[in-house]
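I opened a fresh page for this one and kept notes as I went. Here is what I looked up, in the order I looked.

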Amino acid sequence: MSQESANTHPILQAAQLRKEYRMGESVVHALDGVDIAIGAGEFVSITGSSGSGKSTLMHILGCLDRPTSGMLAFKGTLVSRMSDRQLANLRNKNIGFVFQTFNLINRTSAIENVMVPLIYTRKSFSRSIALEALDKVGLKNRAKHTPGELSGGECQRVAIARAIVNSPEVILADEPTGNLDTRTGTSIMETFRSLHESGITIVLVTHEMDVAVQANRMIHMKDGKIVEDLRVDDEYRNYVLQAAQSTQHELLRAKDRMEKAGQKHRVGSGEPGGSTMEPGVVIDEITPDRGGMD
Amino acid sequence: MFYLRIIWMALRGLRTNLMRSMLATIGVIIGVGAVVSAVSILQGSEKYFLDQFESLGADKIMVFNGQQQRGGRAMAVNSLKPEDAQVLADEGGDLIKAVAPQYTGGGQIKYFRKNAYVSILGATPGYAEINDYKPVRGSFITREDVRSSAMVVVLGHKVARELFGALPAEGKSVKINGKSFTVAGVMEERGTIGFLEVDNQIIIPLSTAMDRMFGSKYLTSLIVQCADTQKLDACIERTKIILRQEHNLKAGDEDDFITLTQEQFKRQLKQVAIIFAVVFYSIAGISMVVGGIGIMNIMMVSVTERTREIGVRIAVGARRIDILLQFLLEAGIISLFGGALGVACGMAMGDLLSKITQVLQLYTPATTIIYALVMALVVGIISGIYPAIRASNLDPVMALRYE
C-alpha cells in the first residue's frame, strides 16, 4: 500500500475480501483475500487482465455485490451489516457508477437519464440540478437529445453526469474508456481528473496502462489478489505515456511501410490468404458500442 | 411526488412499445367490452320492461293463457274466454274493481293510398276506463259496439297522424285487413300501456276482433283491476278461484292461465337478468383471464428487454420495491388503458346492437364503468405480479452484464 493512501482517512476499507462462484463441481475464487483502503479524495486505478477480479472488486466496493467473506466499511460503517434499503440509499447518495457500455436508457433524453438517481432520493427536485450536472460535463446544450442522437463520448459524459448528479463522495468507473476511441477516451479522462480535483474520490477499473497511469495510485490484480499497489508520480506517468506513444508510433510506421510496399492490410479477412498484417499488429478503428437500453 | 415520477416512468416505458402494449390488452378490451355491452343491454332491457309494466300500474293483474301437462309435455292452451271477464266482474266483490278482456293481433290499415302496419286490439269500454286512456277526438268503443260487433275503429295517435295528418279522421271509412271500418275516434298520445305501444295501435270492439276479424273463441289476455293494492294477494287469489271454477278445473289440476302482477314480473325479470348476467360475466371472465395472460407475457418480455436498465436503476439507488412498483404500475396502466378502450368498445357495440335490432334498449350505469375499470386494473396488477417480482429480484451485477 502506498504511503499516501495509508495517511489519508479511508472512505472505503476492505479486509480479507473473498468472493467465490460455484461453477458445477469447481469453485472459482474471483477475489482471494483482498485488503484495500482507499482514502477520501484519492484517484485510484485498478488494473489486471481479464478474470483477475478487478470488476468483482469494484462491484463489491460499490455495494452492488456482497463478498462471500471479509469485511467492507464505508467511512467506517460496516457495509455487511446494512440492509438492502440502506445499501440502496448508500449507492444513491454516496456512490456514482460509470460503465464501459454507458448503460443509458435509450428511450429517454440525456437530462432524463441524468435525473434517474434524483428520482430515487425520494425528494422533490428541479431539472436544474440535472442540467447543472450536464453542464459540468459540457453537455448542457444536448440535454434534450436521446442517446441515439449522441456520440459515444457524449453518451459517456451523460453517464458521468448521471454519476455525479447526487454529489457522491466516490465514483466507481468500470472501463469508462473501453468503448471509446483514443481521443474521446483522453477527453473522458480529463473529465475524471477535473472531478477528482473537485474533491471526489475516483476508483477506475481499466486494462489500459495509459489510462491507469493517469490515476495517483495504481493497483494491479491477478487471480483475485492484489499483486501491486503503487503511487504514480509524474516521472512514472510520463515514462508509461511515452512508451505507449512510441508503440503507437512504431505501429504507424509499420503501417506506412506496408502501404508503401503496395500491400493492402486486411484485418480479420475471411478471404484465402487471410490478413497480410504481421501477427499481433492490430490497426482497426474502434467502433463505439453505445451499449444503451431501450 | 416520488410515486408520480414512478407512474410517469411507467408511462414512458409503455410509450416506447405502444403497439405491443395495445396488442397485449386485446383480451382485456374484449373482456371489459363484453361486460359493458352486456350490462348496458341487460340493464337497458330490464329498465324498458319495467317501465312497460309500470305503465300498467301496481293495482292490475295481467292474466294470460297458460300451459297444461298433456301426455307428459307442457302444451300452450287457449283458455280465456270473454265470459270469464264478465264472471270476474260479477263475482269479484269488493276485491275486483274492473276487468278488461282483450284480443291482440296485427294487420294493415288502409285509407286511400296511405297504409300502415299496426297492432289491432279487440277491447271493451272497460279498457279505456281501467287504463285511464281517453280519446282526444270522437268517442271510444261503446257497449253497443261490442254487443253488435260493429265495424268501428278507434285510432292510436300515431296511426291517425300517419293516415290523416292534420285532417279529422272521425266518420271516415278505412280498410283493416281488407274489411271496411268507420273511424269512431282518435286516442290521446300515451306511449305504452302494458307492453303495447298504444300510439301505434288501433282498437276495435272485442267481439268484432274475435268473430269477424280473427275468428277466435279465446282471448289473448285479461286485465284485472284490483280495488285495493294493499289486498293484491287476495285479489289474485279471488281471480284464480273464479277462473278455475269457470274453466272446470279439478283440485289437482294445474292452472290453465297465468297471472302476473308488476311485482311478480319484476321478480321474474330479475331472475332472467341474473341468468344472462352469469353467462355474460363468465364470458367476460374468460376474456379477462386471457387478457391477463397477454399482459403477463408482455411484461415478461419487457423485463427481459430491460434487464440492464433494471441493473442501472438498482446501481443508482433504486430499492427492489421501487422496481417492483414500476413494473406493477406498467401492467396496471396497460390493463387500465385496455379497460378504457373496452368500455368505449362495449358502449359502441351496445349502441350498434340497439340500433340494428331497434328492440334492445341501452343503459350504462356509471357504476358499471367504474367496476369495469377497477376489474381491468386488478387483472393488470395480478398479471404483473410475477414479472415485477422477477424484475425486482434481479442480481444487479448480472443485470448490468446482460447482453
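**Entry 1: a pair in one helix**

I began in helix α9 (residues 234–260) of chain A, where Asp234(A) and Arg237(A) sit three residues apart, about one turn of the helix. This is a predicted model, so I keep that in mind throughout. The two side chains form a salt bridge, with N to O at 2.8 Å. I then checked how covered each partner is. Asp234(A) is exposed, at a relative accessible area of 54%, whereas Arg237(A) is buried at 16%.

**Entry 2: a similar search in chain B**

Next I went to helix α12 (residues 320–357) of chain B. Lys355(B) and Asp351(B) are four residues apart there, which puts about one helical turn between them. They form a salt bridge too, and their closest N and O atoms are 3.4 Å apart. Lys355(B) is exposed, with 57% relative accessibility. Asp351(B) comes out as partly exposed, with 32%.

**Entry 3: a bridge across the sequence**

I wanted a pair from separate parts of a chain, and found Arg217(A) with Glu42(A). Their salt bridge has its closest N and O atoms 3.0 Å apart. Arg217(A) belongs to strand β9 (residues 217–222) of chain A and Glu42(A) to the loop between β2 and β3 (43–48), so this pair ties together parts that are 175 residues apart in sequence. Are these two buried or exposed? Both Arg217(A) and Glu42(A) are buried. Over all chains, I noted 22 salt bridges by this rule.

**Entry 4: Gly39(A)**

While at β2, I stopped at Gly39(A), which is in that strand (residues 26–39) of chain A. Its relative accessibility is 0%, so I logged Gly39(A) as buried. I also took one C-alpha distance: Gly39(A) to Lys75(A) is 9.3 Å, with their positions 36 residues apart along the chain.

**Entry 5: helix α2 of chain A**

How many residues of α2(A) are buried? I counted seven of its eight, so I call this helix mostly covered, taking buried as under 20% relative accessible area. Among the buried ones are Lys54(A), Met58(A), His59(A) and Leu61(A). Just after α2(A), I noticed that Cys63(A) has a positive phi of about 60 degrees.

**Entry 6: where the chains meet**

Then I turned to the interface. Chain A brings 30 residues to the contact and chain B brings 27. Together the two chains bury about 2,800 Å², and 57% of that is on carbon and sulfur atoms. Which three residues supply more of chain A's buried area than any other three? They are Arg107(A), Tyr120(A) and Arg122(A), with 28% of the area that chain A buries against chain B.

For the polar side, I found two salt bridges across the interface. In one of them, Glu309(B) meets Arg107(A) at 2.9 Å, N to O. Seven residue pairs are in polar contact between chain A and chain B, counting pairs with both residues at pLDDT 80 or more. On the chain A side, α2 (54–61), α3 (84–94) and α4 (110–119) each supply at least two residues that touch chain B. By class, that side has twelve nonpolar, nine polar and nine charged residues.

I followed Arg107(A) a little further. A network of salt bridges links Arg107(A), Arg306(B), Glu309(B), Arg313(B) and Glu330(B).

**Entry 7: Ser216(B)**

One loop in chain B caught my eye, the one between α8 (206–213) and β13 (221–226), where Ser216(B) is found. Ser216(B) is buried, at a relative accessible area of 17%. A polar atom of its side chain lies 3.0 Å from the backbone oxygen of Tyr218(B). Leaving aside neighbours within four places in sequence, I see Ser216(B) in contact with Tyr103(B), Met210(B) and Asp211(B).

**Entry 8: whole chains**

Last, I stepped back. Chain A has nine helices and ten strands, and buried residues make up 48% of its 294 residues. Chain B has 14 helices and 14 strands. The radius of gyration of chain B is 32 Å, well over the 22 Å from the globule rule for 403 residues, so chain B is more spread out than a compact globule. Its C-alpha trace spans about 100 × 55 × 40 Å along the principal axes. Of the residues in chain B, 50% count as buried.

Terms used: Residues are numbered from 1 along each chain as its sequence is written. Chains are lettered from A and ligands numbered from 1 in the order in which they are written. This is a predicted model: local features need pLDDT of at least 70, side-chain atom pairs count only at pLDDT 80 or more; totals for chains, interfaces and linings use all residues. Side-chain values use heavy atoms; hydrogens and water are left out. Contact means heavy atoms within 4.5 Å. Buried area is the accessible area (1.4 Å probe) that two parts lose on being put together, summed over both. A salt bridge is a side-chain nitrogen of Lys or Arg within 4 Å of a carboxyl oxygen of Asp or Glu. A polar contact is a pair of N or O atoms within 3.5 Å; within protein, one must be able to donate a hydrogen and the other to accept it, and residues adjacent in sequence count only if both atoms are side-chain atoms. Ala, Val, Leu, Ile, Met, Phe, Trp, Tyr, Cys and Pro count as nonpolar, Asp, Glu, Lys and Arg as charged, and the others, Gly among them, as polar. The radius of gyration is taken over C-alpha atoms; the globule rule is 2.2 Å times the number of residues to the power 0.38. Buried means under 20% relative accessible area, exposed over 50%, partly exposed in between (1.4 Å probe, protein chains only).
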